[in-house]
Amino acid sequence: MRFKGKVALIAGAGSSAPGWSNGMAVSVALAREGAQIAALDSNHDNLQPTLSAVAEAGAECIPLVADVTQSTSLKNAVDATVARFGRIDILFNNVGLQALGGPEEISEDTWDRLMSANVKSVMLACKHVLPVMRSQRSGVIVNNSSLAAISFLYPSIAYSSSKGAVDAFTRNLAVQVAPDGIRVVAVRPGLMATPRITQRLKQKFGDDFHQALADRHRIVPMGRMGDAWDVAHAVAFLASDDARYITATELIIDGGLSASVIGQPWSGERNL
Ligand SMILES: NC(=O)c1ccc[n+]([C@@H]2O[C@H](COP(=O)([O-])OP(=O)(O)OC[C@H]3O[C@@H](n4cnc5c(N)ncnc54)[C@H](O)[C@@H]3O)[C@@H](O)[C@H]2O)c1
């Protein structure tokens with residue numbers, strides 16, 4: 001029960017397709033260990049499975065329908081969280097949109113939309129939550145970055161750039177607020193089989209979906225894509241006092257993918 005008496009605000013707590021998204025799994029992981037949850041999402045329907053799962057975990061939860069790209073909307077959500085629970089100990093910035101393509105393919109609008117949803121949102125959430133954490137002289141902010149910030153996974157110039165900005169934001173803010181007892185960290189998930197991704201693969205590959213999924217599993221040294229629980233356990237660790245001396249850094253959650261240029265070692269290689 002590492003989070004007993006603690007309050008977590010999860011931005012992007014819903015799931016954009018049926019199943020365990022990162023925001024849903026993190027909400028439940030923290031709830032199971034005693035946290036009270038403020039579950040924020042712009043989409044009312046996406047949020048409902050998270051509310052049910054957190055209730056099943058026996059935790060108190062408030063739903064907040066808000067848009068993280070809008071300052072007033074976020075401020076209202078933060079105020080509602082403090083009005084209900086009196087504090088905010090953990091902020092998980094999880095909203096992140098994806099768009100494929102390079103500079104020649106994506107539109108200026110797409111670039112602006114991703115930068116707003118993936119980067120500006122983190123700044124706005126911190127702008128409104130930090131005064132609360134400063135007054136407590138404690139708090140942890142965990143930003144959901146991506147391996148795409150540092151490695152090529154597929155052509156996604158806006159997404160990769162936005163996640164690189166999230167990493168830079170994380171380090172700069174962490175140093176600013178360290179004297180106030182606030183930690184700021186990021187997670188960098190690699191190839192994850194979350195519902196949003198598997199739905200996209202189904203749409204793209206149709207009957208070849210299982211092969212496409214198997215191909216992705218195979219290129220990971222551990223032999224499988226990760227899932228939302230791999231992210232949730234890492235976020236719970238970083239948000240807990242077990243990580244009390246960890247700040248201004250990113251934790252890679254990728255089954256070894258970023259360390260390998262060949263995927264899994266081929267058979268017999270260990271005998272060379
Ligand atoms: N799934 C992966 O493979 C993977 C890998 C690396 C990083 N990530 C990161 O994990 C995060 C979540 O991914 P997921 O696949 O679990 O997402 P998801 O799409 O299932 O859930 C994200 C939620 O954010 C909400 N949202 C979108 N725009 C919003 C806004 N403006 N305001 C408030 N809420 C908004 C959506 O309604 C949705 O419920 C993203 O930041 C993503 O970049 C995912």
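**A first look at the ligand shell and strand β5**

The shell around the ligand is made of 7 nonpolar, 16 polar and 3 charged residues (Ala, Val, Leu, Ile, Met, Phe, Trp, Tyr, Cys and Pro count as nonpolar, Asp, Glu, Lys and Arg as charged, and the others, Gly among them, as polar). This is a predicted model, where local features need pLDDT of at least 70 and side-chain atom pairs count only at pLDDT 80 or more, while totals for chains, interfaces and linings use all residues. Residues are numbered from 1 along each chain as its sequence is written.

**Around the ligand**
- Gly 12, Gly 14, Ser 16, Gly 96 and Met 192 come nearest of the 26 residues there (near means a C-beta atom, placed from the backbone, within 6 Å).
- Helix α6 (195–205) is one element supplying at least two shell residues, and α6 gives the most, with 3.

**Strand β5**
- Strand β5 covers residues 139–144, and 6 of its 6 residues are buried (20 or more other C-beta atoms within 10 Å of the residue's own, all placed from the backbone).
- Gly 139, Ile 141 and Asn 143 point one way from β5, and Val 140, Val 142 and Asn 144 the other way.
- In a regular strand, side chains alternate between the two faces of the sheet.

**Neighbours of β5**
- β4 (residues 90–93) pairs with β5 in the parallel sense over 4 bridges (pairing takes at least two DSSP bridges).
- Parallel β6 (residues 182–189) is joined to β5 by 6 bridges.
- Val 142 is the bridge partner of Phe 92, and Val 185 in β6 is the bridge partner of Val 142.

**Whole protein**
- The protein has 8 helices and 7 strands (DSSP runs, H or I of at least four residues for helices and E of at least two for strands, numbered from the N terminus).

Notes:
A residue is buried if 20 or more other C-beta atoms lie within 10 Å of its own, exposed if 12 or fewer, and partly exposed in between; C-beta atoms are placed from the backbone.
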